[in-house]
Every structure is written in structure tokens, then in C-alpha cells.
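These exercises are to be worked with the sequence and the 3D structure open. Try each task before reading its solution.

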Amino acid sequence: MLILSRKIDEKIMIGDNVSVSVIEIRGDQVRIGVDAPKTVKVYRREVYDAILAENKAAAESKPVLPDLDFGGIRQESAQLMTITNNK
């Protein structure tokens with residue numbers, strides 16, 4: 001892990017297009033600003049962990065499919081196929 005010291009209004013660059021700025025220091029909290037393209041997803045770690053957990057749960061769950069009645073549609077299709085094949 002790279003550890004850097006910064007003062008208020010100083011920035012850290014990540015790659016060519018992401019910058020992290022120290023906005024404010026108040027007690028034990030540091031407010032930071034992240035300037036990144038819209039294509040770069042930026043999350044707080046606890047939000048990111050929640051997203052990963054939700055995605056994992058969704059991937060492991062069994063899909064629940066509704067009970068649909070296609071009887072009429074199948075019957076009409078079968079009749080149409082019969083008519084078409086008899087011509």
C-alpha cells in the first residue's frame with residue numbers, strides 16, 4: 001500500500017484522469033473529493049462491499065419463474081402448422 005501525506009487542497013493523481021483532493025480535515029474525519037470520468041465507478045468501501053454481497057446473493061439464488069399458461073398460444077400454433085403443412 002502506498003501511503004502519502006497531503007494537506008488541504010492538495011491532490012493525488014491516479015492514472016491520467018482520476019484525482020483525489022483533500023477538501024477538509026475536521027477532528028478525526030477527512031473529507032476528500034474524487035474527480036473522475038463518469039465511466040469510472042467510485043464507491044465508499046462499505047457501499048462497494050454491500051454491492052458485492054448483493055451480487056453474490058443474486059448469483060447464488062434460484063430464479064423464481066412465474067407459472068404462465070401458454071396453452072392457447074401453443075394450440076393456435078399447432079393448428080396453424082397443421083393448416084400450413086396440409087397446403
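**Exercise 1. Classify Asp 9 by accessibility, then place it and describe its backbone.**

Step 1. Asp 9 has a relative accessibility of 62%, so Asp 9 counts as exposed. The classes are buried (under 20% relative accessible area), exposed (over 50%) and partly exposed (in between), with a 1.4 Å probe and protein chains only.

Step 2. Asp 9 lies in the segment before strand E1 (11-14). Helices (H or I, at least four residues) and strands (E, at least two) are DSSP runs, numbered from the N terminus.

Step 3. The phi of Asp 9 is positive, about 75°, although Asp 9 is not a glycine.

Conventions: this is a predicted model, in which local features need pLDDT of at least 70 and side-chain atom pairs count only at pLDDT 80 or more, while totals for chains, interfaces and linings use all residues. Residues are numbered from 1 along each chain as its sequence is written, and side-chain values use heavy atoms, with hydrogens and water left out.

**Exercise 2. Write down the order of helices and strands, and state how much of the chain is buried.**

Step 1. The chain has three strands and two helices.

Step 2. Along the sequence they follow the pattern β-β-β-α-α.

Step 3. The chain has 87 residues, and 6% of them count as buried.

Step 4. Take the contacts (heavy atoms within 4.5 Å). Of those between residues at least 6 apart in sequence, 0% join residues at least 24 apart.

**Exercise 3. Decide whether Ser 21 is buried or exposed, and list what it touches.**

Step 1. Ser 21 belongs to strand E2 (residues 18-26).

Step 2. Ser 21 counts as buried because its relative accessibility is 11%.

Step 3. Leaving aside residues up to four places away in sequence, Ser 21 touches Glu 10, Lys 11, Arg 31, Ile 32 and Gly 33.

**Exercise 4. Find the aromatic pair and name its geometry.**

Step 1. Searching the whole structure gives one aromatic pair.

Step 2. The partners are Tyr 43 and Tyr 48, 6.2 Å centre to centre with 35° between the planes, a tilted pair. Rings of Phe, Tyr and Trp (its six-membered ring) pair if their centres lie within 6.5 Å; planes under 30 degrees apart count as stacked, over 60 as edge-to-face and the rest as tilted.

Step 3. Tyr 43, at 41% relative accessibility, counts as partly exposed, and so does Tyr 48, at 35%.

**Exercise 5. Which element has the lowest mean pLDDT?**

Step 1. pLDDT is the predictor's confidence in each residue, from 0 to 100. The chain averages 86, and 78% of the residues score at least 70.

Step 2. Helix H2 (residues 71-86) has the lowest mean, 57, and E1 the highest, 97.

Step 3. Where pLDDT is low, the predicted coordinates should not be read in detail.
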